[in-house]
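Reader: I should like to study a protein structure step by step. May I see it, and then put some questions about it?

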Amino acid sequence: MNILPEELLAEKNFNTVPYVVGINKQEFGWILPTVSTFPLDAGLGIPEELTSVAIEEYLGGTDDPVKKKDLFLDLIGDVVFDVPSVIVARRHRDAGAPTYMYEFRYRPGFSSDMKPQTVRGDHGDEIFSVLGAPFLKEGASEEEIKLSKMVMKFWANFARNGNPNGEGLPHWPAYDQKEGYLQIDVTTQAAQKLKDKEVSFWTKLLGTEAAKKPPQPERTEL
């Protein structure tokens with residue numbers, strides 16, 4: 001019988017190895033909207049009767065159509081990437097696994113000229129820094145080279161020791177009950193409670209809907 005990943009996480013039935021999980025500041029900022037179509041009531045797994053509640057929560061505070069568009073993209077990014085990532089980080093932490101979380105907020109020099117200047121930390125933008133792409137690009141700025149070198153050191157330290165911290169690097173706090181995480185940007189710094197408000201909203205909203213569903217048959221071990 002198939003066991004869902006969320007069941008394994010909830011039951012703490014997995015190897016508690018060191019774990020890094022992160023998101024980008026604008027996961028649905030530009031690249032994904034240009035290649036994807038996400039029906040709110042189907043592609044995102046949000047029951048149709050709850051879409052109006054979610055839209056009011058995110059878009060209800062403005063009548064500006066441009067702001068509404070950006071907030072709607074934030075909504076999709078939260079549902080698809082951000083909220084699930086925080087929940088997974090909490091599950092690993094609660095199981096006793098050393099956990100580290102980050103938010104990537106930098107706009108790479110590799111960005112398309114078509115990408116709006118306001119989009120920073122788009123989906124996939126961290127890959128350039130992780131793989132050292134600025135070292136291979138003629139004319140890359142010293143700022144971006146420095147950022148990439150720092151990110152590569154973090155990733156190498158984690159692969160080597162299960163801990164991203166090291167000499168000469170900004171301190172990356174463990175993701176414990178204080179929910180410290182690292183904001184990666186020109187100024188890289190520790191912060192707390194990444195997407196805490198959004199996680200609370202979606203957990204409550206979808207939890208209410210889940211309560212209406214009939215109980216699932218009890219799972220038996222094979």
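Author: A contact here means heavy atoms within 4.5 Å. The model is a predicted one.

Reader: What share of the contacts in the protein with a separation of 6 or more comes from residues 24 or more positions apart?

Author: The count takes in contacts in the protein with a separation of 6 or more. Within that set, the share from residues 24 or more positions apart is 64%.

Reader: Which pattern of helices and strands does the protein follow along the sequence?

Author: The protein has 222 residues, and 39% of them count as buried. It contains seven helices and four strands. Read along the sequence, these elements follow the pattern α-β-α-α-α-β-α-α-β-β-α.

Reader: Which strands stand at the edges of the sheet?

Author: The four strands form an open sheet with mixed pairing, in the order β1-β2-β3-β4. A strand at the edge has a single partner strand, so one side of it is left without a neighbour in the sheet. The twist averages 30 degrees from one strand to the next. The strands at the edges are β1 (19-24) and β4 (189-192).

Reader: Do β2 and β3 pair in what sense, parallel or antiparallel?

Author: Strand β2 covers residues 99-104 and strand β3 covers residues 180-184, with three bridges between them. E103 stands opposite Q183 in β3. The sense of the pairing between β2 and β3 is parallel.

Reader: Which residue of β4 is the bridge partner of Q183?

Author: On this side, β3 and β4 run antiparallel and are joined by four bridges. The two strands form a hairpin with four residues between them. In β4, the bridge partner of Q183 is Q189.

Reader: How many residues of β3 are buried?

Author: Buried means under 20% relative accessible area. On one side of β3, G180, L182 and I184 are buried, and on the other side Y181 and Q183 are buried. Both faces of β3 are thus covered. The number of buried residues in β3 is five of five.

Reader: What angle does the direction of helix α6 make with that of β3?

Author: Strand β2 pairs with β3 over three bridges. Helix α4 (residues 65-94) packs on the sheet and touches β1 and β2, its direction making about 160 degrees with that of β1. Helix α6 (residues 142-161) also packs on the sheet, touching β1, β2 and β3. Its direction makes an angle with that of β3 of about 145 degrees.

Reader: Is D78 buried or exposed?

Author: D78 has its place in helix α4. Not counting residues up to four places away in sequence, D78 touches Y58, V83, P84, K195, E198 and W202. The relative accessible area of D78 is 1%, and the cut-off is under 20%, so D78 is buried.

Reader: Which element gives the largest share of the lining of the second largest pocket?

Author: The second largest pocket has a volume of about 410 Å³. Its lining consists of 25 residues, of which D70, L71, D74, D78 and K195 lie nearest its centre. The elements that give two or more residues to this lining are α3 (51-59), α4 and α7 (196-212). The largest share is eight residues, and it comes from α4.

Reader: How much of the accessible surface of the protein belongs to carbon and sulfur atoms?

Author: The accessible surface of the protein comes to about 12,900 Å². The part that belongs to carbon and sulfur atoms is 54%.

Notes: Residues are numbered from 1 along each chain as its sequence is written. This is a predicted model: local features need pLDDT of at least 70, side-chain atom pairs count only at pLDDT 80 or more; totals for chains, interfaces and linings use all residues. Side-chain values use heavy atoms; hydrogens and water are left out. Two strands pair if DSSP finds at least two bridges between them. Axes are lines fitted to C-alpha atoms, for helices over the stretch in contact, and angles run from 0 to 180 degrees between N-to-C directions. Buried means under 20% relative accessible area, exposed over 50%, partly exposed in between (1.4 Å probe, protein chains only). Accessible areas come from the Shrake-Rupley method with a 1.4 Å probe; for residues, only the protein chains shown count as cover. On a 1 Å grid over the protein atoms alone, a cavity is a set of points where a 1.4 Å probe fits but cannot get out, and a pocket is an open set with protein on both sides within 12 Å along at least five of seven lines; lining residues have an atom within 4 Å of a point. Grid points are joined across faces, edges and corners, and a volume is the space filled by probe spheres set on the points.
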